[in-house]
Amino acid sequence: MELAARTGVTAEEGRPDADTLVERGLIRRSGDRRVLELTPEGERLASRLVEEARGGLARLIDDWGPAEHPELGELLDRLPRELLGSPADRPSGDRTSRRPGT
């Protein structure tokens, strides 16, 4: 339900997509079918998505220069992970919050 609310669709609308991800082995459902979690293959894909997003962001700001803007390195590491949503949605090696003060 939380995932459906965050994506702006109902659980019923999102079910076909979840079914596809289950069939592809990227997520699995809990026994009561209410909770979705990443499988090891889903974890690998999520990690790859984070790295691809980081690479894309790095290319966008390539000419800014880390010497003049040292905070960019931290942002490049944090932003792609934040885009994945809550810590529970992230690959298992990255479940901590990266937001300052949390």
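Biologist: Let's start with Arg28 in this predicted model. Why is Arg28 called partly exposed?

Modeller: Its relative accessible area is 38%. Buried means under 20% and exposed means over 50%, so Arg28, at 38%, counts as partly exposed.

Biologist: What makes Arg28 and Glu37 a salt bridge?

Modeller: The closest N and O atoms of the two residues are 2.7 Å apart. The cut-off is within 4 Å, so this pair qualifies. Glu37 is partly exposed too, with a relative accessible area of 43%.

Biologist: And how do you know that Arg29 and Asp19 meet in a salt bridge?

Modeller: The same kind of check works here. The N to O distance is 2.6 Å, and the limit is 4 Å, so the pair counts as a salt bridge.

Biologist: Why can we say that this pair ties together parts that are apart in sequence?

Modeller: Arg29 lies in strand 1 (residues 27-29) and Asp19 in helix 2 (residues 11-23), so the pair links parts that are 10 residues apart in sequence. Asp19 itself is partly exposed, at 27% relative accessibility.

Biologist: Now for Arg44 and Glu41, which form a salt bridge at 2.8 Å. Where do they lie?

Modeller: Both lie in helix 3 (residues 40-60), three residues apart, which is about one turn of the helix.

Biologist: Why is Arg44 called exposed, while Glu41 is called partly exposed?

Modeller: Exposed means over 50%. Arg44 has a relative accessible area of 51%, so it is exposed. Glu41 has 39%, between the two cut-offs, so it is partly exposed.

Biologist: How many salt bridges does the structure hold?

Modeller: It holds three.

Key:
Residues numbered from 1 in each chain as written. Predicted model: local features only at pLDDT ≥ 70, side-chain atom pairs only at ≥ 80, totals over all residues. Heavy atoms only, no water. Salt bridge = Lys/Arg side-chain N within 4 Å of Asp/Glu carboxyl O. Helix = DSSP H or I, 4+ residues; strand = E, 2+ residues; numbered from the N terminus. Buried < 20%, exposed > 50% of the residue type's maximum accessible area, 1.4 Å probe, protein only.
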